[in-house]
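Hi everyone, thanks for coming. Have the sequence and the model open, and let's walk through the fold together.

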Amino acid sequence: MSHAFEPVTIGRYTARNRVVMAPMTRNRAYGPGASPTELMATYYAQRADAGLIITESTQPSPIGQGFPNTPGLHSPEQVEAWRSVTAAVHERGGLIFAQLMHAGRVGHPSLHEERAVPVGPSPVRAIGTVFTMDGPQEFVTPLPLDQAGIRETVADFAAAARNAIAAGFDGVELHGGSGFLLHQFLSTNANQRDDEWGGGVLGRIRFVVELAEAVADAVGADRLGLRVTPGAPYNDIVEDGLHDTYLALADALDPLGLAYLHVSEGSDTELAGRLRKHWNGTLILNPYTPDAHTGPESLKLIESGAADLVSFGALFMANPDLPHRLRLGGPFTAPDHSRAYGGDHEGYTDYPTLSAESAA
């Protein structure tokens with residue numbers, strides 16, 4: 001039986017525990033050209049006791065940006081700025097992967113100097129709004145990616161992955177969920193293609209599979225993870241035949257030897273169990289906890305063998321020393337969601353550790 005506070009293999013690395021900091025967008029990349037800042041370095045270093053830190057969503061190209069003040073990994077100045085983040089985490093013995101996310105159809109022209117129109121698998125507009133500097137805006141109809149556009153996007157991800165390694169990251173995670181570009185290709189409503197990139201299950205998973213292959217070739221499969229959110233309706237996503245899609249995806253990717261599969265579980269909790277049986281590598285689980293944060297009870301999933309590691313979002317936001325608190329059974333600081341997105345150090349780097357609380 002495995003335990004949360006013993007080492008585990010993640011690709012070419014050995015993590016010191018099985019508590020993962022889940023990726024969380026914080027909208028504080030105020031540096032030049034969507035670069036991270038020293039405040040971001042402090043934030044991640046504070047949480048370096050995690051077995052693995054997965055960064056906030058980071059765009060692999062300008063058109064991939066989906067929200068204001070999110071960081072990129074597509075320019076030299078971004079690479080240089082990220083080095084202070086990775087160095088700060090490594091100084092404390094931490095392991096950190098950069099999450100690469102392309103927003104696809106749920107970006108907005110106002111985010112780009114040339115007011116470029118977002119792209120997607122098909123010209124299908126998502127129902128809903130996106131947050132911009134001018135407030136909520138209706139989603140726009142995306143430009144469908146042609147063959148050349150798909151190849152360019154794959155190349156952008158591979159280049160961003162190489163940039164991540166150059167910036168000192170230990171690896172990268174592809175964001176395949178939450179209604180963003182990879183998820184759009186997997187879905188049955190955003191992807192209306194009838195060519196080899198759509199139609200049936202094998203067509204809809206093809207973009208994710210070929211993207212993973214390209215990034216694995218660029219930086220090594222053992223430095224690459226994939227996050228999926230099966231059945232999540234975020235950003236107007238519909239997924240008919242959910243089990244067929246994700247079991248086929250797992251079967252196609254398993255032979256590559258990726259560092260891990262990161263499953264953010266939805267209400268169909270049976271699927272995570274089936275994926276566990278189809279996936280021979282390391283599995284990270286963000287369990288389904290409706291109307292609640294992932295808490296200490298979720299560590300039992302490691303003991304039961306349902307997952308190798310468990311990822312925590314909101315609790316890691318508010319408890320920089322979360323592994324220590326989990327080991328003790330608490331107490332846990334409640335997150336202030338009003339300060340989650342944008343702002344300064346308040347609600348970001350000012351959450352106390354247990355030692356600081358005791359001293360106070």
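**The barrel and its neighbours**

Let's start in the middle: eight strands close into a barrel, a closed barrel of 8 strands in the order β3-β4-β5-β10-β11-β12-β13-β14, with parallel pairing. From one strand to the next, the twist averages 25 degrees. A word on the terms: helices (H or I, at least four residues) and strands (E, at least two) are DSSP runs, numbered from the N terminus, and two strands pair if DSSP finds at least two bridges between them.

Before going on, please keep in mind that this is a predicted model: local features need pLDDT of at least 70, side-chain atom pairs count only at pLDDT 80 or more, and totals for chains, interfaces and linings use all residues. Residues are numbered from 1 along each chain as its sequence is written, and side-chain values use heavy atoms, with hydrogens and water left out.

Here is one pair from the barrel. Strand β12 (residues 260-264) pairs in the parallel sense with strand β13 (residues 283-286) over 4 bridges, and Ser264 stands opposite Asn286 in β13. For contrast, look at strand β7 (residues 129-132) and strand β8 (residues 135-138), which run antiparallel and are joined by 4 bridges. They form a hairpin with 2 residues between them, and Val130 stands opposite Gln137 in β8.

Now the helices. At what angle do α3 and α5 cross? Helix α3 (residues 147-166) and α5 cross at roughly 35 degrees, and their axes come within 9 Å. Axes here are lines fitted to C-alpha atoms, for helices over the stretch in contact, and angles run from 0 to 180 degrees between N-to-C directions. The crossing is right-handed; that is, the near helix is turned clockwise from the far one by less than a right angle, and anticlockwise would be left-handed. Among the residues that meet are Phe157 and Ala161 in α3 and Phe207 and Leu211 in α5, where contact means heavy atoms within 4.5 Å. By class, this contact has 12 nonpolar, 1 polar and 4 charged residues. In that count, Ala, Val, Leu, Ile, Met, Phe, Trp, Tyr, Cys and Pro are nonpolar, Asp, Glu, Lys and Arg are charged, and the others, Gly among them, are polar.

Helix α5 (residues 201-219) also packs with helix α6 (residues 242-253), at an angle of about 40 degrees and with the axes 10 Å apart. This crossing is right-handed too. The contact includes Ile205 and Val208 of α5 and Ala248 and Leu249 of α6, and its residues divide into 9 nonpolar, 1 polar and 2 charged.

One residue to click on is Glu210, in helix α5. Leaving out residues up to four places away in sequence, Glu210 touches Arg151, Val154 and Trp197.

Two backbone details in loops are worth a look. The peptide bond from Gly330 to Pro331 is cis, with omega near 5 degrees, and Pro331 lies in the loop between α10 (322-328) and α11 (354-359). Asn27 has a positive phi, near 55 degrees, in a residue other than glycine; Asn27 is found in the loop between β3 (19-21) and α1 (38-46).

That's my tour, so over to you with questions.
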